[in-house]
Amino acid sequence: MKQSLFTLEHTRQLTGDTYELVLSGDTSAVTAPGQFVNIQLPGKFLRRPISICNWTEDALLLLVRVVGEGTHDLVRCVPGTELDVLSGLGNGFDLTQGGAHPILLGGGIGIAPLYGLAQRMLEAGVTPTVGLGFRSGKDAFYLEEFSKLGCRLLVATEDGQLGTKGFVTDLAKNVRECDYAFVCGPTPMLKAVHGLGQLTGGQFSFEARMGCGFGACMGCSVPTTNGYKRVCKDGPILYKEEIVW
Amino acid sequence: MVNLSVRLGDVELKNPVIPASGTFGYGREYAELYDLDILGSFSWKGTTAAPRPGNPQPRIAETAAGMLNAVGLQNPGIDAVIAEEVPNIARIFHGPVIANVGGFSLQEYAENCAKLNDIDQVAILEVNISCPNVHAGGKNFGCDPHAAAEVTRAVKAVTKKPVFMKLTPNVTDIAEIARACADAGADGLCLINTLLGMRIDLKTKRPLIANRTGGLSGPAVFPVAVRMVWDVYEAVKLPIIGCGGVSSAEDVCEMMLAGASAVEIGAANLRDPCACKKIIEALPAVCERLGVERIADLTGAAH
C-alpha cells in the first residue's frame, strides 16, 4: 500500500454511465491485476474504491461507472486535478493458477480488472478466453481494447443486441475446455459462475462497502470457509473453494 | 521547542495523539505506512473473551462529515490477541499500549483484564462499556451508572494497571456515568464512543446498514464530544482521553482545552491512514501559534 498524489491526465466517456480515466503517478505499490485504489474526493468523508483496469510504471488506467455522488464527482474532475490515492490495495489475481485454458468472465464495469489480467496472461504465454457480459449493446465497452490484446473474445448481452443473447455463464458453457475462471461482476453473476459444473477452480473478485480499504476497520469482512476475510485486504479476490454465499 | 508530552495519571506519553480503538486494528496495517513510534500510544481493537465474527454486511455507510459503522466488535478473542498480536505489537511499536477490552458480563470483563496483567507493554486498560452495536452487551453497562460502577469495580479488583472507562454518548447525562465510574475507583475516562445513528437507502427503502443502526463518527460528532469532555471535566477529577471526530492538530488542542489530557483519533485514520502522523507533525506549529510551550498546559484551560 502506498499513499500518494496522482494527477488526472484524461477522461473519456465510454457509454452513458461509464468512463475511462488515466491518472499519472507512482504505481510502484501495484503488484497484481485485480488490486484496487482508494481515492479521496473533496467533500466526501470516505474514499472511493476503484478497481485497477491496467497500469504502467507511472500511470493508472481506471474504468469507472457512475453509481452515486462520489463516482459522479470523480468522472467530472478536470484534467490536471490532483487526487490523494491509496494504491496497491488488496491481493489481486494469481494468474499462475489458471492452467492452460483459463476463462476470464466479466459483467458490466466488472470487466475492468480483467483487461490488465488478460494482458499479463498473454505476456506470460497463455491466451485466455474472455467472456464479457452487458445489459444491452449500448452498455458494451472496451471490446476493441480486449480484441487488440489478442485474446479470444466472446460477448453476451441480456437483450441479444450484441453477441450471444444471455449471460456470461452461457458463454462459458460454449467453451467447455475452459475449467478455471477469473471472474468480476455483480454478485448474482459471481454466484451463477461459481455454480458452473465445468469449473475445477476459480478466482472471484468481490465488491463491498468499505470503511478504510486497507484492512484496519473490519467494515467489509465476510465469512469464508477459511474464517472471516476482509474484502479489502484479504480479498477482493476470493478463491472458489473458500466462498460462502 | 514545544513540549508535547502529556500524562494520563502515572503513564507518560511523548505526545497526546492516540489512534482510537476500532480504527487501528492491532497496528499492522499502519506500520506498513509509517513508524508507529511517533505515536503517544495506540488503543487496540476492542477485544472480547471469545472470537467474534461481527455483524452481517453491509456494516458501513457514509454520512455528511462522517460515517456510520456497525462492525459489531469483530475480533479474534483475547487469547489469540495475546498469542499473536501482542508479540507483533512489541516489534512494530515500542511505547505504552492501551488495551481496549470488551465484555458481556462482569466476569468476562474481569477475566479479560486479568489476562493482560503480565503484559508490560499494556500500560492502560480501556474498558469499553459503550459499543452501541452489540445488543446483548456493552450498551447496558454504559447507559446505567450502577452497571458502569460495577464493571469498574470488577476490573479494578483484578488488575494493578490503570483502568480507563470508555463512555458512551448515548445517555441523558454523561457526567452522572462519569461520577459513578470515578466513585468506583476508575483511574481515568475515555469519551466519547460513537453516537447511535441510521441511514435509509432511498432505492431499496431499507436501512443502509444490515444491523439497522450504526455508530456515527467523524467530524460530525466533534462538537458533541467537546461538550461532553467539558461536562465530564467539570464533574470529576480524573484524567480524560478526549475522543470523537478529531481530525486536525487544531482539534487536538480544542479537545484538550475542553479538559482532555490526551486525545484519540478515530475515523480520521480510515479516511487518511497517515492522519495521526500529519497531526503530530502539525502540533508544534499550532502550539507555537497559540503561545503554548507545554501542550499539557492546554488541558482544561478553557474552563
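**Figure 1. Cysteines without partners.** This predicted model holds zero disulfides over all its chains. A:C77 is in no disulfide. Its nearest cysteine sulfur belongs to A:C53 and lies 18 Å away. A disulfide needs two cysteine sulfur atoms within 2.5 Å, so a gap of 18 Å rules this pair out. A:C77 counts as buried, at 16% relative accessibility. In chain B, the cysteine B:C276 is also in no disulfide. The nearest cysteine sulfur is that of B:C274, 9.6 Å away. B:C276 is buried, with a relative accessible area of 0%.

**Figure 2. The contact between chain B and chain A.** Chain B brings 34 residues to the contact and chain A brings 29 residues. The area buried between the two chains is about 2,500 Å². Carbon and sulfur atoms give 55% of that area. Three residues, B:E29, B:E62 and B:R271, supply 28% of the area that chain B buries against chain A. No other three residues supply more.

**Figure 3. Charged and polar pairs across the interface.** Three salt bridges are counted between chain B and chain A. In a salt bridge, the side chain of A:R48 meets the side chain of B:E62, with N to O at 2.6 Å. Polar contacts across the interface join 16 residue pairs, with both residues at pLDDT 80 or more.

**Figure 4. The side of chain B that touches chain A.** Four elements of chain B each supply at least two residues to this side: helix 1 (28-31), strand 5 (60-63), strand 6 (66-69) and helix 9 (267-271). Helix 9 of chain B gives the largest share, five residues. By class, this side of chain B has 16 nonpolar, nine polar and nine charged residues.

**Figure 5. Two cis peptide bonds, one in chain A and one in chain B.** Most peptide bonds are trans. The bond that joins A:G235 and A:P236 is cis, with omega about 10°. A:P236 sits in the loop between strand 14 (227-230) and strand 15 (237-239) of chain A. In chain B, the bond from B:Q57 to B:P58 is cis, with omega near -10°. B:P58 has its place in the loop between strand 4 (42-43) and strand 5 of chain B. Strand 5 of chain B also supplies at least two residues to the side that touches chain A.

**Figure 6. Positive phi at B:A65 and B:K205.** Most residues other than glycine have a negative phi. B:A65 has a positive phi, near 55°, and is not a glycine. B:A65 is found in the loop between strand 5 and strand 6 of chain B. Both of these strands supply at least two residues to the side of chain B that touches chain A. B:A65 is partly exposed, at a relative accessible area of 42%. B:K205 has a positive phi of about 60°, again without being a glycine. B:K205 lies in the loop between strand 12 (200-201) and strand 13 (206-207) of chain B. B:K205 is exposed, with a relative accessible area of 66%.

**Figure 7. Helix 6 of chain B and its two ends.** Helix 6 covers residues 174-183 of chain B. Its buried residues include B:I174, B:A175, B:I177, B:A178, B:A180 and B:C181. An α-helix has 3.6 residues a turn, so residues three or four places apart point the same way. B:D173 caps the N-terminal end of the helix. A side-chain oxygen of B:D173 lies 3.1 Å from the backbone nitrogen of B:A175. Just after helix 6, B:G185 takes a positive phi of about 105°.

**Figure 8. The surroundings of B:N100.** B:N100 has its place in strand 7 (residues 97-101) of chain B. At 2% relative accessibility, B:N100 counts as buried. The side chain of B:N100 makes a polar contact with the side chain of B:E126, at 2.7 Å. A polar contact at 3.4 Å joins the side chain of B:N100 to the side chain of B:S21. With neighbours within four places in sequence left aside, B:N100 is in contact with B:S21, B:S43, B:W44, B:K45, B:G46, B:T47, B:E126, B:N128 and B:K166.

Note on methods
Residues are numbered from 1 along each chain as its sequence is written. Chains are lettered from A and ligands numbered from 1 in the order in which they are written. This is a predicted model: local features need pLDDT of at least 70, side-chain atom pairs count only at pLDDT 80 or more; totals for chains, interfaces and linings use all residues. Side-chain values use heavy atoms; hydrogens and water are left out. Buried means under 20% relative accessible area, exposed over 50%, partly exposed in between (1.4 Å probe, protein chains only). Contact means heavy atoms within 4.5 Å. Buried area is the accessible area (1.4 Å probe) that two parts lose on being put together, summed over both. A salt bridge is a side-chain nitrogen of Lys or Arg within 4 Å of a carboxyl oxygen of Asp or Glu. A polar contact is a pair of N or O atoms within 3.5 Å; within protein, one must be able to donate a hydrogen and the other to accept it, and residues adjacent in sequence count only if both atoms are side-chain atoms. Ala, Val, Leu, Ile, Met, Phe, Trp, Tyr, Cys and Pro count as nonpolar, Asp, Glu, Lys and Arg as charged, and the others, Gly among them, as polar.
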